[in-house]
Amino acid sequence: LGQNVNSYRDPATGQSFAMLLDAVHGLSGLERLRFTSPHPKDFDRAVLECYRDLAKLCPHMHLPAQSGSTAVLDRMRRGYTRQDYLAKVREARDLVPDIAISTDLIVGFCGETDEEFEDTMSLIQSVTYDSVYSFKYSPRPYTTAHRQFPDDVPENVKGERLARLQKAQQRIQGRRNADRVGEVVRVLVDGVSRKDTNVLSGRTPHNRVVNFPGSPNLMGAILEVKVTRSGPNSLYGEPLANTQVKSG
């Protein structure tokens with residue numbers, strides 16, 4: 001959304017984002033709570049503790065890094081270092097060990113050297129993200145980067161770096177998803193296959209996509225599904241008999 005939602009503070013009452021999450025959590029009839037997009041610099045302890053303390057807040061944290069290089073983060077004016085970011089990841093996993101973490105990464109930002117790109121490659125190995133949204137840098141008018149820095153990384157280099165990053169992340173996701181095989185997960189049904197209307201898809205609280213056989217009339221239901229196999233981008237399973245948790 002381009003909004004740093006966790007920077008929220010009510011100007012009249014001083015209510016923080018953590019307090020807002022707690023208030024929304026208390027709404028009657030709410031089954032799951034998620035938010036996007038936060039900024040690492042405002043991911044304070046109180047927000048992290050919400051993942052531990054609020055049962056309806058899904059255990060999936062989107063924490064946009066943008067780069068694994070402190071020098072690049074400084075040129076981006078992100079307001080944190082690589083070390084700050086990794087400390088936030090450790091703190092989150094200390095509070096909620098099984099929390100899923102996703103991120104945004106940009107390759108080929110202005111002046112990015114081979115060494116700075118390797119810092120991003122090592123970041124994904126250190127964090128082992130559940131998913132990554134990755135992009136090649138392109139200038140945007142009226143931004144600080146557009147005004148102050150030349151877009152000097154060749155397009156072919158950007159493409160090579162993005163391909164390397166995505167290939168490495170696919171391997172990480174493949175391993176992490178393979179660890180889910182055999183689990184029983186709660187899936188909120190939100191899609192029907194375009195190729196086969198008897199195949200549904202949905203998301204777990206950890207925001208993992210699960211595909212499984214079922215009738216379209218189950219859209220909006222929460223089902224228990226046993227994971228039978230996995231791929232790098234999604235899981236596959238079989239719904240357990242008579243296990244609909246919620247409809248509507």
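This report walks through the strands, helices and loops of one predicted model.

## The open sheet

Three strands make an open sheet. Their order is β1-β2-β3, and the pairing is parallel. Two of these strands sit at the edges: β1, residues 60-62, and β3, residues 131-136. Each edge strand pairs on one side only. Neighbouring strands in this sheet are turned against each other by 15° on average, with direction ignored.

Now look at the pair β2 and β3. Strand β2 covers residues 100-107. Six bridges join β2 to β3, and the two strands run parallel. Which residue of β3 is the bridge partner of threonine 103? The partner is valine 132. In a regular strand, side chains alternate between the two faces of the sheet.

## Two helices side by side

Helix α1 spans residues 17-25, and helix α2 spans residues 45-53. Their axes come within 8 Å of each other. They cross at roughly 25°. Angles under 35 degrees count as roughly parallel, so α1 and α2 are roughly parallel to each other.

Which residues make the contact? From α1 come Phe17, Ala18 and Leu21. From α2 come Ala46, Val47 and Cys50. Sorted by class, the contact has six nonpolar residues, no polar residues and no charged residues.

## The loop between α1 and α2

The loop between α1 and α2 holds serine 37. A cis peptide bond joins threonine 36 to serine 37. Its omega is about -5°.

Aspartate 42 also has its place in the loop between α1 and α2. What does aspartate 42 touch, leaving aside its neighbours within four places in sequence? The contacts are Asn6 and Ser7. Compare aspartate 42 with isoleucine 124, which is 82 residues away along the chain. The C-alpha atoms of aspartate 42 and isoleucine 124 are separated by 21 Å.

## Helix α4 and its cover

Helix α4 runs over residues 82-95 and has 14 residues. At 1.5 Å a residue, α4 should span 20 Å. The C-alpha atoms at its ends are 20 Å apart, which agrees with that expected span.

Several residues of α4 are buried. They are Arg82, Tyr85, Leu86, Lys88, Val89, Ala92 and Leu95. The list takes in Arg82 and Lys88 as well as residues such as Leu86 and Val89. What covers the buried residues of α4? The cover includes the helices α2, α3 (70-76) and α5 (114-127). It also includes the strands β1 and β2.

## Two loop residues with positive phi

Two loop residues deserve a look here. The first topic is glutamine 66, in the loop between β1 and α3. Its phi is near 75°, a positive value in a residue other than glycine. Is glutamine 66 buried or exposed? Buried means under 20% relative accessible area. Glutamine 66 has 13% relative accessibility, so it counts as buried.

Next comes arginine 77, found in the loop between α3 and α4. Its phi is near 60°, again a positive value in a residue other than glycine. Exposed means over 50% relative accessible area. Arginine 77 has a relative accessible area of 60%, so it is exposed.

## The barrel

Five strands close into a barrel. Their order is β4-β5-β6-β8-β7, and the pairing is mixed. From one strand to the next, the twist averages 55°.

Take β4 and β5 to start. Strand β4 covers residues 184-192, and strand β5 covers residues 199-203. They pair in the antiparallel sense over four bridges. Leucine 188 stands opposite arginine 203 in β5. Together β4 and β5 form a hairpin, with six residues between them.

## The next hairpin

Strand β6 covers residues 209-213. Five bridges join β5 to β6, and these strands run antiparallel. Arginine 203 has valine 209 as its bridge partner in β6. Thus arginine 203 appears in two pairings: it stands opposite leucine 188, and it is bridged to valine 209.

How many residues lie between β5 and β6 in their hairpin? There are five. One residue in the turn is asparagine 207, which has a positive phi of about 70°.

How values were computed: Residues are numbered from 1 along each chain as its sequence is written. This is a predicted model: local features need pLDDT of at least 70, side-chain atom pairs count only at pLDDT 80 or more; totals for chains, interfaces and linings use all residues. Side-chain values use heavy atoms; hydrogens and water are left out. Two strands pair if DSSP finds at least two bridges between them. Axes are lines fitted to C-alpha atoms, for helices over the stretch in contact, and angles run from 0 to 180 degrees between N-to-C directions. Angles under 35 degrees count as roughly parallel, over 145 as roughly antiparallel, 65 to 115 as roughly perpendicular and the rest as oblique. Contact means heavy atoms within 4.5 Å. Ala, Val, Leu, Ile, Met, Phe, Trp, Tyr, Cys and Pro count as nonpolar, Asp, Glu, Lys and Arg as charged, and the others, Gly among them, as polar. The expected span of a helix is 1.5 Å times one less than its number of residues. Buried means under 20% relative accessible area, exposed over 50%, partly exposed in between (1.4 Å probe, protein chains only).
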